[in-house]
Structures are given as C-alpha cells and as structure tokens.
Amino acid sequence: MSSVLNAVPVSILTGFLGAGKTSLLNRLLKDPDLTDTAVIINEFGDVSLDHLLVEASSDGIIELSDGCLCCTVRGELVDTLADLMDRMQTGKIKPLKRVIIETTGLADPAPVLQSVMGNPVIAQSYRLDGVVTVVDAVNGLSTLDNHEEAVKQVAMADRLVISKISLATPDAVLSLKARLRDLNPRAAMIDGDLPEAGKAETFHCGLYDPATKIADVGRWLQDEAAADHDHHHDHDGHDHDPDHHRDPDHHHDHGHCGHDHHAHGHHHHDENRHGADIRSFSIVHDRPIDPMALEMFIDLLRSAHGEKLLRMKAIVSMSDKPDRPLILHGVQTVFHAPQRLAAWPDPSDRRTRMVLITKDLPEAFVRDLFDAFTGKPGIDRPDRQALEDNPLAVPGLRM
Ligand SMILES: Nc1nc2c(ncn2[C@@H]2O[C@H](COP(=O)(O)OP(=O)(O)OP(=O)(O)O)[C@@H](O)[C@H]2O)c(=O)[nH]1
C-alpha cells in the first residue's frame with residue numbers, strides 16, 4: 001500500500017496536432033499546485049511552440065521560472081522516467097509530486113500508458129494517474145472522422161478539455177460534445193476557455209486524491225455524480241444518477257454508466273456512429289469473487305482480446321479478503337500490478353465495479369465471460385469449469 005501511495009502519479013496529456021495541448025500546459029504550469037511537476041514532451045521532430053516551454057539544456061532537464069521541471073524525451077520514455085527517479089533518489093532534484101507526459105498529436109496513447117504501467121521497474125516508482133485529452137472545438141469533429149488516433153485519444157481519456165470554443169459556433173460545439181459522449185460517456189468535459197481548465201484539478205482524475213492520498217473510487221471510475229460536481233468540471237449539463245447502481249436487482253446492469261446523456265437523449269453504448277466501434281460499459285457484481293476466477297477472467301480477456309481492450313478500471317470484492325478490495329487498471333494487454341486497498345473507500349458499497357472501454361469487442365461477450373467465471377448460469381454458454389478445461393470454448397472467441 002505505502003509503495004503505491006509513494007509512487008509518483010503520471011498524467012498523460014494528449015490531443016490531436018494543434019488541438020491546444022501546449023497552450024493548456026502553459027496555463028496549467030502556472031498553478032502553484034503543479035509546482036514540483038516534471039513535464040516530459042514526447043515529441044517526434046521539432047515543434048517550434050514547444051520550445052517556448054522547453055528550452056534546450058545540456059541534460060534535458062531545466063528548472064522553469066515557476067519552479068516546474070521540464071525535460072524533453074531524448075531517448076525512450078522509459079529511460080527518461082527511470083532517469084528522473086534516479087535524480088530524485090540521489091537528491092539531484094526535489095521529490096516530484098507529479099509527472100505530465102505530453103504526447104505528440106499523432107500518437108496512439110496506448111503505448112505511452114503501457115510504458116508507465118507495464119515496465120516493472122517504472123511501475124514501482126510511478127503510477128498512471130489519468131489521461132487528459134484536448135479536443136479542438138473547430139476541427140475536432142473532422143479530426144475524429146479522419147484519424148483513428150484521435151478517436152483513441154478521446155476514448156481512453158479520463159478528462160476531455162475542449163479548446164477553442166470561442167472560435168466555434170454553438171451548434172458545432174454541441175455536435176462535438178454529442179460525438180465525444182458517444183465515444184466516451186464517462187470522461188468529464190471541461191470548457192478550455194474557463195479559468196478552471198488551467199487549474200491542477202484538471203489532472204486530478206486518478207484513484208487517489210492527491211491531497212489526502214485516500215482512494216476515491218467514484219471519481220476514478222466516473223460512475224458517481226459527486227466526482228464531477230466536486231470539481232466543478234462538468235459543464236455540459238449532464239445529469240448524474242448516483243443511486244443508479246444501488247438497486248440490488250441491477251447487479252448486472254447492462255452498460256449503463258450512471259450518466260444521463262441529454263446531449264443526444266439516449267444511451268450511448270449502442271450508438272457507435274462513424275464506424276468507430278468503441279464501447280464503454282460497466283459490470284457491477286454483488287458477491288465477492290474467487291481470486292482464481294478473477295485471474296482467469298482477466299487472463300483470458302487480455303490474452304485473447306487485449307488489443308481490443310482500450311482501458312479497464314475496476315474495484316473488485318475478493319472472496320479471500322472481502323474487506324480489502326482489489327484495484328485493477330489495464331490498458332490493452334498491460335495491467336498495473338494489482339493492489340489491495342486497506343479497506344473499502346465507502347463501506348456501504350462493497351460491490352465489484354468494472355469499467356471497460358473496448359473497441360470491436362462486444363459488451364455481451366465480455367459480460368458472458370465474466371458471468372461464466374463468477375458462476376452465473378447461462379444458456380448456451382460454458383461454465384467456469386468448461387472454460388478452464390478449454391478456454392477456446394468461449395462463444396465468439398476466435399484465435
Ligand atoms: N483561440 C484559441 N486558440 C487556441 C486555444 N488553444 C490553442 N490555441 C491555438 O491553437 C494553436 C495550436 O495550439 P498548441 O497549444 O500549440 O497545440 P498543440 O496541441 O500543443 O499542438 P502540437 O504540439 O502541434 O500537436 C496555437 O496557435 C494556439 O494559440 C484556445 O483555447 N483558444
């Protein structure tokens with residue numbers, strides 16, 4: 001536990017070329033709460049604007065006037081993170097409170113996330129906190145239509161900052177917001193023109209509250225209304241229904257994420273327009289889960305379908321230690337080493353909650369697999385024993 005809390009949170013700042021990442025970062029770095037933050041600019045090739053922020057220096061690390069540390073990626077991202085940790089441990093730089101990685105606009109964010117989660121050395125010192133994606137209100141829709149990377153950047157985000165709203169027509173902004181909701185119904189949308197977009201809270205979307213270091217599962221999973229309201233970040237007029245999952249009869253509530261999508265007045269998860277078959281859904285389960293069953297479920301999911309699993313976050317009630325829930329966080333085939341919390345953050349709610357964002361992987365398939373391993377009988381579906389004997393028996397599983 002303590003090692004997780006000591007790990008430096010890493011935020012990924014992404015968004016398509018010219019979306020406004022560097023502009024936002026320049027505003028954010030003026031917030032005193034982001035002092036002692038290292039910024040890694042993960043650029044390929046020179047982008048002149050970024051050099052305003054990151055001036056050349058012999059060792060790749062400079063101290064900005066506002067006290068932030070910046071470095072450019074000269075080698076691999078993993079090397080840079082390891083180097084930063086080494087500098088902290090040897091006292092060459094002050095302990096960092098956060099690392100922000102600004103990706104190049106053309107990047108698929110998944111490999112960047114995986115660098116943080118999947119490397120055992122890095123994962124000991126850092127934990128992936130959240131993904132903030134900047135979307136340009138003027139060009140966002142056409143970019144999403146034409147660039148698969150942009151779609152992934154939105155789908156994987158914990159927060160969406162919409163830039164250049166003042167340059168776009170209100171109708172264009174509404175259409176963009178509806179599209180973003182389709183792709184990612186959970187991420188809070190922040191109007192980039194508002195002052196709060198430039199505050200440190202924009203990055204506070206991980207499991208742990210940075211001030212208290214206490215796990216905030218509701219905010220992390222984005223399933224509860226309080227998360228967005230507390231941070232005054234949800235400016236898109238969406239209602240949230242925090243009691244939605246509390247009905248015990250709905251423990252296999254199909255895909256509702258607790259958000260009411262007024263922007264287009266119907267549920268998001270069946271709406272995958274524009275060819276991007278990206279879905280976001282949650283699985284809620286009332287009974288503690290056998291650790292072996294969970295392991296098999298995750299192993300099967302990621303080994304057979306990892307590429308289609310854009311993101312998975314979960315708090316899981318485990319039958320071996322029901323008082324200590326397990327936290328899972330994965331991107332495609334790579335998962336953070338699972339952690340146990342010391343206790344349930346909200347003792348009145350001890351249900352397993354999983355949030356999955358998938359591409360070309362039907363919700364019903366994942367749900368069936370989960371049901372098979374958690375012992376829910378199903379017609380035309382092998383049970384856990386059959387799957388353990390022959391994983392290829394999963395309906396729809398093709399290898
Ligand atoms: N009016 C307005 N202009 C913006 C806003 N955000 C960014 N810009 C402008 O858009 C252009 C691109 O912004 P950058 O911050 O460089 O975008 P970026 O995403 O870092 O761009 P790359 O690094 O090239 O991918 C610049 O000319 C900015 O001044 C905004 O919210 N409003």
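1. Two strands are taken to pair if DSSP finds at least two bridges between them. By that criterion strand β7 (residues 159-163) and strand β8 (residues 188-191) are partners, joined by four bridges and running parallel. Within this pairing, L160 stands opposite M189 in β8. The model discussed here is predicted.

2. The connection between these two strands passes through helix α9 (residues 170-183), and the resulting β-α-β crossover from β7 to β8 is right-handed.

3. β7 also pairs with strand β6 (residues 126-136), again in the parallel sense, over five bridges. One contact to look at in the model is V134, which stands opposite V161 in β7.

4. How many of the five residues of β7 are buried? Five of the five are, so the strand is largely enclosed by the rest of the structure. In a regular strand the side chains alternate between the two faces of the sheet. In β7, R159, V161 and S163 point one way, while L160 and I162 point the other way. Both sets are buried, and they include the charged residue R159.

5. Turning to the ligand, 18 residues surround it, and the closest are G20, K21, T22, S23 and G105. The elements that give two or more residues to this shell are α2 (21-28) and α3 (48-53). α2 gives the most, with three residues.

6. By residue class, the shell around the ligand divides into nine polar, five nonpolar and four charged residues. Glycine is counted as polar here, so G20 and G105, both among the closest residues, fall in the polar group.

7. Helix α4 covers residues 77-89, which makes 13 residues. From its first C-alpha to its last it reaches 18 Å, close to the 18 Å expected at 1.5 Å a residue.

8. Which residues of α4 are buried? They are T80, L81 and L84. Seen down the axis of α4, the buried residues fall within an arc of 100 degrees, so they line one face of the helix. An α-helix has 3.6 residues a turn, so residues three or four places apart point the same way.

9. The face of α4 turned away from the buried side carries D86 and Q89, which are exposed. After the helix comes G91, and its phi is positive, near 75 degrees.

Key: Residues numbered from 1 in each chain as written. Predicted model: local features only at pLDDT ≥ 70, side-chain atom pairs only at ≥ 80, totals over all residues. Near = placed C-beta within 6 Å. Expected span 1.5 Å × (residues − 1). Buried ≥ 20, exposed ≤ 12 C-beta atoms within 10 Å, placed from the backbone. Arc of directions from axis to C-beta. Right-handed = clockwise from strand over helix to strand, strands pointing away.
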